[in-house]
Amino acid sequence: MDEEEIEKAVVAYLKKKGFKQTELAFQEEQQLNKNTNSQLDPDITKKILSFSEFETGPERYQEEYSKLRSWAYSSLDLYKHELLRVLYPVFIHCFMELVARGHIQEARAFFDSYREDHEMMHLRDLQKLEGVLSPSHLKEMEFAHSIRLSKVNIKMCQYSYDLLLQYLHKTESITMLGIINERINFQVSPGQPGSISDDAEVVTLVGSGPDASLLNQKEIHWGLLEDSLEERLEKTGGMVPDSEKFDGDPKEGEVEENKKKSVEGGKQGASLKKQKKDKVGVATGKSSRTEGSTVTTAPRVKPELALPAIPAEVEHSILEDLRNRVQLSNAALPSVSFYTFVNTHNGLNCASISHDGSLVAGGFSDSSLKVWDMAKLGQQTGPSFLQGETDSPSSEHVLGSSGGRRCYTLFQGHSGPVYSASFSPYGDFLLSSSSDSTIRLWSTRLNANLVCYKGHNYPVWDVQFSPVGHYFASCSHDRTARIWSMDRIQPLRIMAGHLSDVDCVQWHANCNYIATGSSDKTVRLWDVQSGNCVRIFIGHRSMILSLAMSPDGRYMASGDEDGTVMMWDLSSGRCITPLVGHSSCVWSLAFSGEGSLLASGSADCTVKLWDVTTSTKAPLKEENKPGINNRLRSLKTLPTKATPVYALRRWSHG
């Protein structure tokens, strides 16, 4: 064995990697070895030479990945699902390594050979990466660049991990071993393999760098505000809290109606941005109403924002509403009222319902914003009935153009499609966002535009009033979210960190945090005072379309493009349980006023009601048990006639 050949191979590798100090140290050591006539271990020599060969051979990627793939698929069923998790990140990094080395044809052949294995779960990623055709693209494309900079987190049990290492060393798969060491961070746990149903949260390409785990260790003050109306009412005895049945779950009740707007046309055929618009209007309804709930076990926190004063008449109305609430449960489900837009000609992008249910707004592709007064619905005389109204059952109301005078208030001012609308908590103001990159504030009393807020550089997908009004949050194609106040035309905070479009935004019940959902398949929680990200929630396999916060501020629900809803614990950053049942995009989510139920609205033309209390309680006691599969129980599915669900709003009455 020629020692000079080995020395050249090692020096060439160190020079290529830029390890100058290591190279000098190696050469000095070689000089000493020559003086002492020491011999190299044959096994080490063999590995060094094979590693040197691998450095110059693009065919090794194809050969070794093919063998790893065959081995993983032929493994024992008990461990197979954990071992298969390694294939996707290895596949992606093999492709990008080949491109980075200039082997474009080999990279394309490799990509085309194995992409079918991963299309079902990672189609969006693959569609982005197939446009990488040169080494410069790896730096210019944000998505590819972020993947190469971060490590992938993969969960597996100790035995699966040992099996993988044994295979790599026995077969001398140096290429695969190098990629796995450099690109994958294994989270190894003792005991049996995890459940296959947990796969959604164990492998994520982006957003799972080492900072994610550190961020999720920060303390979160998820409780309700001090001296809130609910707390005052409890102290005065106006509200009797329920017995301590649920740990950390809401105790009060409310009679709620999930009002929902459905819009005709373009469910599955809608474009990606169209779906974003839909979901934008969705999140509107559910967020701000969290004020009307109370949870006696929730801790109390101080506000980080200066909160506006509540008018006396509004305060009286809220207190009266709280007194009259009734506990919802699987035995006492809410009634549902549907509002359906007709003759929209695929032009409706978003919908929003005011907190008291008296107003309904719709944003359209022709840049218009229309608001209907529910008290006046169907009051036209003569021939000017709403089209389709006479054919509708009493439980469903139809919104559309009439034959005579119009039955809505028209707001005009945007110069592009309106993607989101949000009513203030008291219904006197309305926000709208558009592709013209602006946000507009409208008065529902004056029927006029008051302010145009400019700051985003690209289309604004979502805008949401805070639970107390005055402040609002927006998110955009420019990958940022922003905090605003009604009295300032410039944003107060800019939240940057997502790797792709920020598609939806939601306020926490105590107004100290906002959550954002993105096309990068992550949800982030931000501190509104500092503007820093304090949580990263990883687990979705497609873009996030909707978010909802529980009334006590402890839990968050997120819905994605694949129809999956996930329930998260804000304190730990863990996914408590996935909600499986929808067959298309989840555009809207809303908790009941006391937090015992979750409603989800989807492009599959259904509203589903989920039992929250039973599922959020179990993981607290059993989270350390392997293989526990906690899923929310679906209580009821409410189908529409043939229209997707754009917005959900809970509202209560005595």
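Which residue takes a positive phi in the hairpin of β26 and β27? I started my notebook with that one, keeping in mind that this is a predicted model.

**Entry 1: the two hairpins.** I looked up the β26–β27 hairpin and found Gly573, with a positive phi near 80 degrees. Five residues sit between those strands. Then I checked the hairpin of β25 and β26, where four residues lie between the strands and Gly563 has a positive phi near 95 degrees.

**Entry 2: who pairs with whom.** I followed β26 to both partners. With β25 (residues 555–560), β26 pairs in the antiparallel sense over five bridges, and I found Ser558 opposite Met566. With β27 (residues 575–579), the pairing is antiparallel too, over four bridges. There, Thr577 is the bridge partner of Met567.

**Entry 3: the sides of β26.** Is β26 mostly covered or mostly open? I went through residues 565–569 and found five of the five buried. Val565, Met567 and Asp569 point one way, while Met566 and Trp568 point the other way. That fits what I was taught: side chains in a regular strand alternate between the two faces of the sheet.

**Entry 4: over to a helix.** Next I tried α7, which covers residues 104–114, and noted Ala107, Phe110, Phe111 and Tyr114 as buried. Looking down the axis of α7, I saw why they line one face of the helix: these buried residues fall within an arc of 100 degrees. My reminder to self: an α-helix has 3.6 residues a turn, so residues three or four places apart point the same way. Last lookup: the buried residues of α7 pack against α4 (59–73), α6 (87–100) and α8 (119–129).

Key: Residues are numbered from 1 along each chain as its sequence is written. This is a predicted model: local features need pLDDT of at least 70, side-chain atom pairs count only at pLDDT 80 or more; totals for chains, interfaces and linings use all residues. Side-chain values use heavy atoms; hydrogens and water are left out. Buried means under 20% relative accessible area, exposed over 50%, partly exposed in between (1.4 Å probe, protein chains only). The arc is that of the directions from the helix axis to the C-beta atoms. Contact means heavy atoms within 4.5 Å. Two strands pair if DSSP finds at least two bridges between them.
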